[in-house]
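Visitor: I would like a close look at one part of this molecule. Please show me how its helices pack together, and what lies between them.

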Amino acid sequence: MEELWELRRYIEAGDTAAALALLDEMDEMSRDDKIQKIASFIRVLLVHMIKQAVEHRTTKSWEVSIRHALRQIASVNTRRKAGGWYLNEEALHALVEEVYESALDWASLEAHEGVYSTAELAAMHDRSQLLAQAFEHMRQAHG
């Protein structure tokens, strides 16, 4: 919250340019935080979807985790006051692609009790199909 005190000082000093620059920086920090939260929930979503794909089964806890991740992705991505989304479909799709490798690493620790390497696990499912399915789930969750 140091930024708020700094902003106050700029406003009180009449330094509009510095205040606006700080507001831009704060907006960027907030956006980065939103993106990191969304990425974290996408990772959870993909881990469970990868486990489902390679184990050819599901569990109630995986299903609940998937639903929770989808709700949280939609919630964090929603711009409440301004309306719309923080990340449009293109940016969201790029983030899903970016997070996949990390999700695959985590899934390799959990799927089949961790007996397969990341590369072996990757060969056990269709990456493109899984990512398309994940993106479709997110699209539906956004309403």
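Guide: What follows is a walk through the helix packing, from the start of the chain to a buried serine. Keep in mind that this is a predicted model.

Two packed helices are described by the angle between their axes and the distance between the axes. Start with helix 1, residues 2-13, and helix 2, residues 16-55. Their axes lie 9 Å apart, at an angle of about 160°. Angles over 145 degrees count as roughly antiparallel. Helix 1 and helix 2 are therefore roughly antiparallel to each other. Their crossing is left-handed. Which residues of helix 1 and helix 2 meet? Helix 1 brings Glu3, Leu4, Glu6, Leu7, Tyr10 and Ile11. Helix 2 answers with Ala18, Ala19, Leu22, Leu23, Met26 and Met29. By class, this contact has ten nonpolar residues, two charged ones and no polar ones.

Now move to the core. In soluble globular proteins, nonpolar side chains tend to be buried together. Here the largest nonpolar core has 30 residues. The residues with the most contacts inside this core are Ile38, Ile42, Leu45, Leu46, Ile50 and Met138. At least two core residues come from each of helix 2, helix 3 (60-77), helix 4 (89-110) and helix 6 (127-142). Helix 2 gives the most, with nine residues.

Pick out Met138. Leaving aside residues up to four places away in sequence, Met138 touches Ile42, Leu45, Leu70, Ile73, Leu92 and Val96.

Met138 also takes part in the contact of helix 4 with helix 6. The axes of these two helices come within 11 Å and cross at roughly 135°. That makes helix 4 oblique to helix 6. Their crossing is right-handed. On the helix 4 side stand Glu89, Leu92, His93, Val96, Glu97, Tyr100 and Glu101. They meet Arg127, Leu130, Leu131, Phe135, Met138, Arg139 and His142 in helix 6. The residues of this contact divide into seven nonpolar, two polar and five charged.

Stay with helix 4 for one last stop, Ser108. Is Ser108 buried or exposed? Its relative accessible area is 8%. Buried means under 20%, so Ser108 is buried. What does Ser108 touch? Its partners are Gly114, Tyr116, Ser117, Thr118 and Leu121, again not counting residues up to four places away in sequence.

How values were computed: Residues numbered from 1 in each chain as written. Predicted model: local features only at pLDDT ≥ 70, side-chain atom pairs only at ≥ 80, totals over all residues. Heavy atoms only, no water. Axes fitted to C-alpha atoms, helices over the stretch in contact; angles between N-to-C directions. Helix = DSSP H or I, 4+ residues; strand = E, 2+ residues; numbered from the N terminus. Parallel < 35°, antiparallel > 145°, perpendicular 65-115°, else oblique. Left-handed = near helix turned anticlockwise from the far one by under 90°. Contact = heavy atoms within 4.5 Å. Nonpolar A, V, L, I, M, F, W, Y, C, P; charged D, E, K, R; others polar. Core = buried A, V, L, I, M, F, W, Y, C linked by side-chain atoms within 4.5 Å. Buried < 20%, exposed > 50% of the residue type's maximum accessible area, 1.4 Å probe, protein only.
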